[in-house]
Amino acid sequence: MGSLRLNLGSGNDWMPGIVNIDCRNLLPPDGITFLRADVADLSDMFADGCAAEIWAKDVLEHFPQAKAAKLLDEWIRLLAPGGILHLKTPDLTALAEFILRGTESDETKAYRVYGGQDYAENFHRAGFTVPLLRSLLEARGMEILEARGHEGTNLVITARKRN
């Protein structure tokens, strides 16, 4: 099995002992491995099956909905058989309920739906539910280990690449 562990779209959410990758030119703290790259195409950097584990937290929603399948194909390509993919993304169902509850400011609601918008890539361009993301992963041969919605306004899915 591949031995790499990747944190795709890391932002400043640094994970020690893991290769953190983001499209921005960030300055990581000492002891953190960081690469600047487009997480939608890592073919020039990483071979098929090189990774044992991948995290993509709060990144999938920043790509157009129509590219979600291709993006997942790329990340799954990186996984070795038996490798684990950890996804976290806004949950459309939880977001709808959050908006309708009306307890937060309209500014907070807009931020949760559309992203921070403080740099070019920080816009939300896609939305997911647990069933939608589950079906996208299963169609690519992934085994769902855990799928939870309503983690705040997020969903979390952990899946294994079948051998």
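Strands are DSSP runs of at least two residues, numbered from the N terminus, and Thr-89 is found in one of these, strand E5. The model described here is predicted. Its strands include an open sheet of 7, arranged in the order E3-E2-E1-E4-E5-E7-E6 with mixed pairing, and the points below follow that sheet, the helices that pack, and three individual residues.

**The sheet and its edges**

- The edges of the sheet are taken by strand E3 (33–36) and strand E6 (142–151), and because each has a single partner strand, one side of each is left without a neighbour in the sheet.
- From one strand to the next, the twist averages 15 degrees.
- Helix H4 packs on the sheet, where it touches E5, E6 and E7, and the direction of H4 makes about 165 degrees with that of E6.

**Strand pairing around E4 and E5**

- Strand E1 (residues 4–8) and E4 run parallel and are joined by 4 bridges; within this pairing, Glu-53 in E4 is the bridge partner of Arg-5.
- E4 also runs parallel to strand E5 (residues 79–90), to which 6 bridges join it, and here Lys-57 has Lys-88 in E5 as its bridge partner.
- E5 pairs with strand E7 (residues 154–161) in the antiparallel sense, over 7 bridges, and Leu-85 stands opposite Ala-159 in E7.
- As for solvent exposure, E4 is mostly covered, with 6 of its 7 residues buried.

**Glu-53 in strand E4**

- Glu-53 belongs to strand E4, which spans residues 51–57, and its side chain makes a polar contact of 2.7 Å with the side chain of His-86.
- Leaving aside residues up to four places away in sequence, Glu-53 touches Leu-4, Arg-5, Leu-6, Leu-79, Ile-84 and His-86, so that Arg-5, its bridge partner, and His-86, its polar contact, both appear in the list of residues within 4.5 Å.

**Thr-89 in strand E5**

- Thr-89 has a relative accessibility of 1%, and because buried means under 20% relative accessible area, Thr-89 counts as buried.
- Residues up to four places away in sequence not being counted, the contacts of Thr-89 are with Leu-60, Glu-61, Phe-128, Leu-133, Asn-154 and Leu-155.

**Packing of helices H2 and H3**

- Helix H2 (residues 92–101) packs with helix H3 (residues 106–114) at an angle of about 170 degrees, and their axes are 10 Å apart; since angles over 145 degrees count as roughly antiparallel, H2 and H3 are roughly antiparallel to each other.
- The contact is made on the H2 side by Leu-95, Phe-98 and Ile-99, and on the H3 side by Thr-108, Lys-109, Arg-112 and Val-113.
- By class, the residues of this contact between H2 and H3 comprise 4 nonpolar, 1 polar and 2 charged.

**Glu-121 in the loop after H3**

- Glu-121 lies in the loop between H3 and helix H4 (130–138), and with a relative accessible area of 39%, which falls between the limits of 20% for buried and 50% for exposed, Glu-121 is partly exposed.
- Although Glu-121 and His-62 are 59 residues apart along the chain, their C-alpha atoms are separated by 6.6 Å.
- His-62 is also among the residues that Glu-121 touches, together with Cys-23 and Arg-24, when residues up to four places away in sequence are not counted.

Note on methods: Residues numbered from 1 in each chain as written. Predicted model: local features only at pLDDT ≥ 70, side-chain atom pairs only at ≥ 80, totals over all residues. Heavy atoms only, no water. Polar contact = N/O pair within 3.5 Å; in protein donor to acceptor, adjacent residues only side chain to side chain. Axes fitted to C-alpha atoms, helices over the stretch in contact; angles between N-to-C directions. Parallel < 35°, antiparallel > 145°, perpendicular 65-115°, else oblique. Nonpolar A, V, L, I, M, F, W, Y, C, P; charged D, E, K, R; others polar. Buried < 20%, exposed > 50% of the residue type's maximum accessible area, 1.4 Å probe, protein only. Pairing = 2+ DSSP bridges.
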